[in-house]
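Open the model in your viewer and keep the selection panel at hand. The stops below are given in the order in which to select them.

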Amino acid sequence: MKKRLSKTFLVSLLLAGSLHAEEVPSPLPPLPSPQQVAWQQMETYAFVHFGLNTFTDQEWGYGDVPLDKFNPTDLDCEQWVRTFVESGMKGVILTAKHHDGFCLWPTKYTDYSVRNTPYLDGKGDIVGQLAEACRKYGLKLGLYLSPWDRHQAFYGTSLYPEYYVLQMEELLSDYGDIFEVWLDGANGGNGWYGGAKEERKIDRRTYYNYPRIIETIHRLQPKAIIFSDGGPGCRWVGNESGIASTTNWAFLRKDDVYPGYPQFRELGPGHADGDTWMPAECDVSIRPGWFYHKGEDGKVKTPEQLVDIYYSSVGRNATMLLNFPVDRTGRINPIDSANAVAFRGRIKQELSHNLLPRRKAETDGCFETYKVLQSGESLEVKLTSKTKLNRLLLQEYIPLGQRVKAFRIEWHDGKAWQAIDAGEETTTIGYKRILRFPTVGTKRLRLTILDSRAPVLLSEVAAFYAPEHGKE
Ligand code: FUL
């Protein structure tokens with residue numbers, strides 16, 4: 001008979017001397033760091049794009065916009081943070097500097113910052129104000145510092161990487177704990193560059209001296225996750241629509257991918273043969289643009305669209321980084337706030353009430369306990385009475401590696417097992433997989449591991465019934 005033992009049970013057997021150590025599942029590299037696991041458990045966090053572009057209706061400022069344009073009349077970082085908390089976000093990442101080179105904090109290293117704007121007579125520090133609001137409301141703070149800088153005259157010379165690393169040091173020393181640092185991959189070429197107004201090409205792989213930047217971040221903020229196309233903390237998912245690949249390995253081949261990587265389509269599924277843990281993050285804006293444009297007030301994603309994005313990101317082993325374009329007053333627009341809060345309400349309604357009996361390691365709601373399943377093995381879960389179900393949530397115990405390659409789910413109609421068709425391939429699980437499917441009424445569910453890299457450590461299985469709007 002095959003063993004199906006929870007980790008806690010295994011540990012107690014080991015302590016009692018009745019089981020050999022080799023029967024405890026061994027880790028299967030690549031493995032996540034504890035920080036990567038904690039980061040993935042955040043699941044949803046906010047992004048804020050705000051800066052001179054907000055006042056010029058642009059997405060990519062050229063780097064020449066006069067500083068007197070920046071004057072939010074009613075800026076309130078607490079209003080942002082309250083919106084994020086109410087919409088279930090666990091952190092926020094702010095564009096401290098976007099490609100136009102404008103800095104939202106009074107940096108020592110350039111005049112092109114809030115210090116020389118009319119906002120609070122140059123006394124403002126939006127990174128600091130947000131850090132304070134985050135502390136007050138218990139939200140984590142992350143920062144985006146664009147490597148590409150279309151303002152600085154010395155961009156493209158050997159001086160610029162020195163400037164960049166000094167700014168990074170400043171940001172990571174002065175604002176408390178930073179949970180994520182965002183290294184964007186865009187390098188469009190042309191810019192203002194101190195009035196030169198020309199195209200400047202750099203070698204994306206070598207110019208910025210990424211090893212030094214990464215060493216600096218690790219030194220100053222050892223717990224921070226570093227985002228870029230290729231990590232080293234988490235990877236871009238390869239699109240800006242919030243859609244992870246249905247097959248989603250949290251692995252990449254070490255050093256293959258760098259910011260601005262041309263074969264970014266590989267980033268959706270990840271590298272199945274990768275040797276480094278690199279989970280995917282789905283960045284997506286609640287509006288078509290990243291920055292605020294009044295003309296997009298009627299194009300804010302609806303709660304339903306945000307729910308779809310949640311299932312295609314968090315529900316497919318990725319995180320969801322939802323952007324809020326702060327408007328010219330310095331606040332999150334009420335339409336965006338209302339839709340984000342309603343989105344969270346819908347997710348809570350759909351996924352709060354697990355209908356499976358919470359008796360075993362894999363149904364106890366505890367990530368740390370798991371059931372071991374061999375490839376080819378099935379797990380049947382019985383409900384106490386016939387129950388309507390249309391959502392299934394699965395989790396692997398990723399601290400010991402991501403293992404499942406293919407699985408099948410079925411329900412019993414009283415006579416025979418019927419396949420559940422979630423409308424998408426059921427290959428990888430990873431940290432979390434959530435499937436939506438047409439409602440079934442059943443007393444029995446079955447999960448079969450069709451293929452796996454090694455015995456599977458199933459941390460959670462949960463099932464839900466989401467009210468079908470308009471169908472009750
Ligand atoms: C992209 C940038 O070019 C966009 O402006 C935005 O910041 C997005 C999140 O990343 O690469």
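Select Pro269, which is partly exposed because its relative accessible area is 31% (buried means under 20%, exposed over 50%, partly exposed in between, with a 1.4 Å probe and protein chains only). Pro269 sits in the loop that connects β9 (251–252) with β10 (276–277); helices (H or I, at least four residues) and strands (E, at least two) are DSSP runs, numbered from the N terminus. Show its surroundings: apart from neighbours within four places in sequence, Pro269 is in contact with Arg235, Ser245, Thr247, Asn248 and Trp249, where contact means heavy atoms within 4.5 Å. Then add Ala280, eleven residues from Pro269 in sequence, with 8.8 Å between the C-alpha atoms.

A note on the source: this is a predicted model, in which local features need pLDDT of at least 70 and side-chain atom pairs count only at pLDDT 80 or more, while totals for chains, interfaces and linings use all residues. Residues are numbered from 1 along each chain as its sequence is written, and side-chain values use heavy atoms, with hydrogens and water left out.

Next, select the barrel. Eight strands close it in the order β1-β2-β3-β4-β7-β8-β11-β12, with parallel pairing (two strands pair if DSSP finds at least two bridges between them). On average, neighbouring strands of this sheet are turned by 25 degrees against each other, direction ignored. For one pair in detail, take β4 (residues 178–182) and β7 (residues 225–228), which run parallel and are joined by three bridges. Glu180 has Ile225 in β7 as its bridge partner.

Add helix α4 (residues 77–86), which lies across β1 (44–49), β2 (91–97) and β12 (318–325) and runs at about 150 degrees to β1. Axes here are lines fitted to C-alpha atoms, for helices over the stretch in contact, and angles run from 0 to 180 degrees between N-to-C directions.

Which residues touch the most other members of the largest nonpolar core? They are Phe50, Phe70, Trp80, Phe84 and Ile126, in a core of 78 residues. Such a core is a set of buried Ala, Val, Leu, Ile, Met, Phe, Trp, Tyr and Cys residues joined through side-chain atoms within 4.5 Å. A second, separate core has 25 residues, among them Leu389, Ala422, Leu445 and Ile449.

Move to strand β15 (residues 404–412), where seven of the nine residues are buried. β15 runs antiparallel to β17 (residues 433–452), and seven bridges join the two; Ala406 stands opposite Asp451 in β17. With β16 (residues 417–419), β15 pairs in the antiparallel sense over three bridges, and Glu410 has Ala419 as its partner in β16. β15 and β16 form a hairpin with four residues between them, and Gly414 in the turn has a positive phi of about 105 degrees.

Finish with the largest cavity, which holds about 60 Å³ of space. On a 1 Å grid over the protein atoms alone, a cavity is a set of points where a 1.4 Å probe fits but cannot get out, and lining residues have an atom within 4 Å of a point. Grid points are joined across faces, edges and corners, and a volume is the space filled by probe spheres set on the points. Select the lining: Leu379, Val381, Leu392, Ile409, Glu410, Ile420, Leu445, Arg446, Leu447 and Val461. β14 (378–396), β15 and β17 each give two or more residues to this lining.

Definitions and conventions. On a 1 Å grid over the protein atoms alone, a cavity is a set of points where a 1.4 Å probe fits but cannot get out, and a pocket is an open set with protein on both sides within 12 Å along at least five of seven lines; lining residues have an atom within 4 Å of a point.
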